[in-house]
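Hi,

Here is the structure I said I would pass on to you. Have a look at it first, and then read my notes below.

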Amino acid sequence: MPQETPPPLLALREALVTLDPSAPPILEDFHLSLHSEERVGLVGPVGSGKTTLLLTLIGLLPLRHGSLFHQGCPVRTKADLAALRRGVGLVFQNPDDQLFSPTVLDDVAFGPLNLGRSSAEARAESLATLAQLNLSHLAQRQPHSLSGGQKRLVSLATVLVMRPQVLLLDEPTNDLDVRSRDMVLHALTASPRTMLIASHDMDLLHALTTRRITLG
Ligand SMILES: Nc1ncnc2c1ncn2[C@@H]1O[C@H](COP(=O)(O)OP(=O)(O)OP(=O)(O)O)[C@@H](O)[C@H]1O
Ligand SMILES: [Mg+2]
């Protein structure tokens, strides 16, 4: 018997996304399939819809037409959306959208606690993730007091700690110096997750991804 190909982990079919009714749609009749262990680059000029697409893929923006599929099933109910958000992690383009707790450690532990880990487990996993990104020294800092690049790295930690099946990364190397960028590259290279990476950093995409989706 021939083996059935598994469905994509994440897919869009005939997607129509409009944010401003007086402007043309940002995505129109848009199709996408992201298969397990694929690492895909998302490129396109400023304003071409990369962030919009990532927000749509995690169910934060509504589809006017078409469907979002997670593991082959349409995302329709609140329960579907909750399962999608457990399986897919988004690192926002603006770290201030990601960080809201009194300390960095609290922010990183928030996800594991939400997944039902004990506070000791959540703390241990969070400290390990911060150490992996060379951020241990920031654990007790207030997130709003960090530099732009530090915030970006902490944002990445808040998502990596949850070990989602799919990582959606929106400009993960913006504001980073060479050393921090290399650390991000190293962490992502070592991660077995399926990834969709929006970036203008072509060297990063060249090093990490095997194909590109181009918008605009
Ligand atoms: N909340 C909103 N309301 C109306 N239009 C919006 C909204 N958010 C974004 N847009 C518009 O949608 C289009 C796509 O924006 P988006 O942020 O997805 O682009 P992008 O490719 O991520 O750009 P960049 O490279 O600058 O991050 C732009 O024209 C933008 O002005
Ligand atoms: Mg963007």
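**Helix α1 and what surrounds it**

The buried residues of α1 are Lys50, Thr52, Leu53, Leu54, Leu55, Thr56 and Leu57. Before you go further, please keep in mind that this is a predicted model. The helix spans residues 50–57, and with 7 of its 8 residues buried it is mostly covered. After α1 comes Gly59, which has a positive phi, near 75 degrees.

Thr51 is missing from that buried set, and here is the reason: its relative accessible area is 26%, so Thr51 counts as partly exposed, since buried means under 20%.

**The magnesium ion**

Which residues coordinate the magnesium ion (ligand 2)? Thr51 does so through OG1 and Gln93 through OE1, at 2.0 to 2.1 Å. These two residues bring together distant parts of the chain: Thr51 sits in helix α1, whereas Gln93 belongs to the loop between β6 (88–91) and α3 (104–114), 42 residues apart. Gln93 is partly exposed because its relative accessibility is 33%, and the partly exposed class lies between 20% and 50%.

**Ligand 1**

The two magnesium-coordinating residues turn up again here. Ligand 1 has 13 residues around it, and those that come nearest are Gly47, Lys50, Thr51, Thr52 and Gln93. For setting up your own calculations, you may like the polar distances to oxygen atoms of ligand 1:

- Gly49 has a polar backbone atom 3.0 Å from an oxygen atom of the ligand.
- Thr51 places a polar side-chain atom 2.9 Å from an oxygen atom of the ligand.
- Gln93 also has a polar side-chain atom at 2.9 Å from an oxygen atom of the ligand.

On its own, ligand 1 has 640 Å² of accessible area, and the protein covers 57% of it. Sorted by class, the shell around ligand 1 consists of 4 nonpolar, 7 polar and 2 charged residues.

**Arg39: buried or exposed?**

Arg39 lies in strand β3 (residues 39–43). Its relative accessibility is 18%, so Arg39 counts as buried, the limit being 20%. What does Arg39 touch, apart from its neighbours within four places in sequence? Its contacts are Leu188, Thr189, Ser191, Arg193, Met195, Leu208, Thr209, Thr210 and Arg211.

Two of those residues offer backbone oxygens to the arginine. The side chain of Arg39 reaches the backbone oxygen of Thr189 at 2.9 Å, and a polar atom of that side chain is 3.4 Å from the backbone oxygen of Leu188. As for Leu10, which is 29 residues from Arg39 along the chain, the two C-alpha atoms are 12 Å apart.

**Two backbone angles to look at**

Finally, there are two residues with a positive phi that are not glycines. Asp29, in strand β2 (residues 27–34), has a phi near 45 degrees. With a relative accessible area of 52%, Asp29 is exposed, as the class begins over 50%. Glu37 has a positive phi of about 75 degrees and is found in the loop between β2 and β3. Its relative accessible area is 64%, so Glu37 is exposed as well.

Happy to talk any of this through when you have had a look.

Best wishes

Definitions and conventions. Residues numbered from 1 in each chain as written. Chains lettered and ligands numbered in written order. Predicted model: local features only at pLDDT ≥ 70, side-chain atom pairs only at ≥ 80, totals over all residues. Heavy atoms only, no water. Buried < 20%, exposed > 50% of the residue type's maximum accessible area, 1.4 Å probe, protein only. Helix = DSSP H or I, 4+ residues; strand = E, 2+ residues; numbered from the N terminus. Contact = heavy atoms within 4.5 Å. Polar contact = N/O pair within 3.5 Å; in protein donor to acceptor, adjacent residues only side chain to side chain. Donors = N, O, S within 2.8 Å, 3.2 Å for Na, K, Ca; no water. Near = heavy atom within 4 Å. Areas by Shrake-Rupley, 256 points an atom, 1.4 Å probe, with all protein chains shown as cover. Nonpolar A, V, L, I, M, F, W, Y, C, P; charged D, E, K, R; others polar.
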